[in-house]
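The following exercises are to be worked with the sequence and the coordinates at hand. Each task is followed by a solution in steps.

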Amino acid sequence: MARKIKIFDTTLRDGEQSPGASMNLKEKLQVAHALSDMRVDVIEAGFPITSPDDFEAVKKIAREIRGPVIAALARAHPKDIESCAKAVSYSWKPRVHTFIATSDIHIEKKLRKTREEVLDIAVNAVKLSRKLVDDVEFSCEDASRSDFDFLTKIVGAVIEAGATTINIPDTVGYAMPEEFGALIKNLKKGIPNSSKAVFSVHCHNDLGLAVANSLSAILNGAEQVECTINGIGERAGNAAMEEIVMALKVRPQIFNAKTSVDTRKIYIASRTVATLTGIHPQPNKSVVGANAFAHEAGIHQDGMLKERMTYEIMRPEDVGIPSNQLVLGKHSGRHALAKRLGALGYAVVEKDINEIYERFKKLADKKKVIFDDDLLALVDEKFAEMDEIYSLDYINFSSGTKRTPSAEVALKKDKKNLRASAKGDGPVDAVFQAIDKITRVKTDLEDYAIKSVSSGKDAMGEVSVKLKHKGISYCGRGSSTDVIEASAKSYLNAINKILAYGSLTKGRESL
Ligand code: KIV
Ligand code: ZN
């Protein structure tokens, strides 16, 4: 019988720690729902002590999400643990995840402590956590660079103190697959009470080996893997969940292990995380990249036509990638739209369907063929607009190689009509400057990206912007068949987020 491997998703904690990836409460909930729809076993929802904002997000996720265990992170300090236990207590299945570094370099240079002191702190942290919740995970930060004998001693002691899961991180992405697999095997063998806890691994990707190290650990007895959607995370990122899950699924003869993840939900989760964080997987990214299933070379196309398995080890539909065929047209009804969105993995409620349907009809007037990706862009836009403070009424612009680009923008706020005009380096710049004149929010444009949502000359353009405001990055997105309008929508989307959430993100403490 295949062994069950637990999937512990840390997109909302380690993933959200990656530069520029911060999400607001509503966005975190959206990701948590996508993860729970995928049936991951554990969602690490945040790090409650770091800010009131993080605490609230963990609490809200714990209250709203049913199914997975809801975990949160805490340093091995009483205050961290108490705040963490309080935030996760709203879940039916709460977990406190506490950690301390165990490598000599961290113990001496960062913590300025001795091994004995670290051992005591770890044991006390687990004991306190166990008084507050039944499910306690302990992580030995920088485990892969820790002294093996000290590691066995501390892991044995925290299991004795009540830890139910032991996590062995390769914090700096230093380990090699064979070495990391051996570490897990030897720890399990060398610790007398190891069978009393679940062994987990948590690998970073500094040398591009996070997934390989996680898989090697599974082959050597790890029962839980910690990972993120699209592999986002600190520095070079964490192990990518979709790659681990698909490796286990595609190669059962090697691993004889399975997860409970519904792989058909992978694409929606990947897309949700990419649009909300503004961190898009590169086109050649395994499993979810735009080219992951594209066959360009003639010899490959020929093989594919004769027999898919010649060049395809998994099917796009296995990971929920839309067919990108003509799906709906101008005369399709509300019911067909809801059904198609359901097939794409979205459970959209009745009141939202009505609004998406109105947008769909407007788009169908402009565009003859509507693809799955167009529908997903409409849904993204609908969710993005829920916090609107300013809404776009209209834009007029003029531009050309022999004329100074200028734009007139009209926005609505609290039923007031607000108008401004500006000149710029190009029509997009002119539109952004006109919006700035109205909203008076000071920002730096960190990133601007435009891509076509589907194929054809009448394809919708999707624009993502990243604006920096008081040291924090905010993502905005917008789509339209007119790329200047899409740019205005995405810029305004980011401004609305700054106005809605800017005050909440103040005072976030970093580790
Ligand atoms: O990388 C790491 O060591 C971590 C721990 C806090 C689990 O993220
Ligand atoms: Zn980490």
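A salt bridge is counted here where a side-chain nitrogen of Lys or Arg lies within 4 Å of a carboxyl oxygen of Asp or Glu. The model is predicted.

**Exercise 1.** Determine which elements are linked by the salt bridge between glutamate 462 and lysine 451, and classify the burial of each partner.

*Solution.*
1. The closest N and O atoms of glutamate 462 and lysine 451 are 3.5 Å apart, and the pair forms a salt bridge.
2. Glutamate 462 belongs to strand 17 and lysine 451 to strand 16, so the contact ties together parts that are 11 residues apart in sequence.
3. Buried means under 20% relative accessible area. Glutamate 462, at 5%, is therefore buried, whereas lysine 451, at 44%, is partly exposed.

**Exercise 2.** Examine the salt bridge between aspartate 372 and arginine 340 in the same way.

*Solution.*
1. The N to O distance between the two side chains, aspartate 372 and arginine 340, is 2.9 Å.
2. Aspartate 372 is found in helix 16 (residues 372-384) and arginine 340 in helix 14 (residues 334-343), so this pair joins parts 32 residues apart in sequence.
3. Aspartate 372 is buried, with 0% relative accessibility; arginine 340 is partly exposed at 23%.

**Exercise 3.** Establish how glutamate 485 and lysine 489 are placed along their helix, and then identify the residues that shared salt-bridge partners join into one network.

*Solution.*
1. A salt bridge of 3.9 Å, N to O, connects the side chains of glutamate 485 and lysine 489.
2. Both residues lie in helix 18 (residues 483-501); being four residues apart, they are separated by about one helical turn.
3. Glutamate 485 is partly exposed, its relative accessible area being 25%.
4. Through shared partners, salt bridges link Arg271, Asp373, Lys451 and Glu462 into one network.

**Exercise 4.** Describe the largest pocket by volume, lining and residue class.

*Solution.*
1. The largest pocket holds about 990 Å³ of space.
2. Its lining comprises 36 residues, and Tyr267, Gly289, Ala290, Asp373 and Lys451 lie nearest the centre of the pocket.
3. By class, 16 of the lining residues are nonpolar, 13 polar and seven charged.
4. Helix 12 (266-277), strand 16 (444-452) and strand 17 (461-469) each contribute at least two lining residues.

**Exercise 5.** Which element gives the most to the nonpolar surface patch?

*Solution.*
1. Leu445, Tyr448, Ile450 and Val483 make up this patch of about 320 Å².
2. Strand 16 gives the most, with three residues.
3. Leucine 445 lies in strand 16 and is partly exposed, at 44% relative accessible area.

Key: Residues are numbered from 1 along each chain as its sequence is written. Chains are lettered from A and ligands numbered from 1 in the order in which they are written. This is a predicted model: local features need pLDDT of at least 70, side-chain atom pairs count only at pLDDT 80 or more; totals for chains, interfaces and linings use all residues. Side-chain values use heavy atoms; hydrogens and water are left out. On a 1 Å grid over the protein atoms alone, a cavity is a set of points where a 1.4 Å probe fits but cannot get out, and a pocket is an open set with protein on both sides within 12 Å along at least five of seven lines; lining residues have an atom within 4 Å of a point. Grid points are joined across faces, edges and corners, and a volume is the space filled by probe spheres set on the points. Ala, Val, Leu, Ile, Met, Phe, Trp, Tyr, Cys and Pro count as nonpolar, Asp, Glu, Lys and Arg as charged, and the others, Gly among them, as polar. Patches are made of residues with over 30% relative accessible area and no salt bridge: like charges are joined within 9 Å, nonpolar side chains (Val, Leu, Ile, Met, Phe, Trp, Tyr) within 5 Å. Accessible areas come from the Shrake-Rupley method with a 1.4 Å probe; for residues, only the protein chains shown count as cover. Buried means under 20% relative accessible area, exposed over 50%, partly exposed in between (1.4 Å probe, protein chains only).
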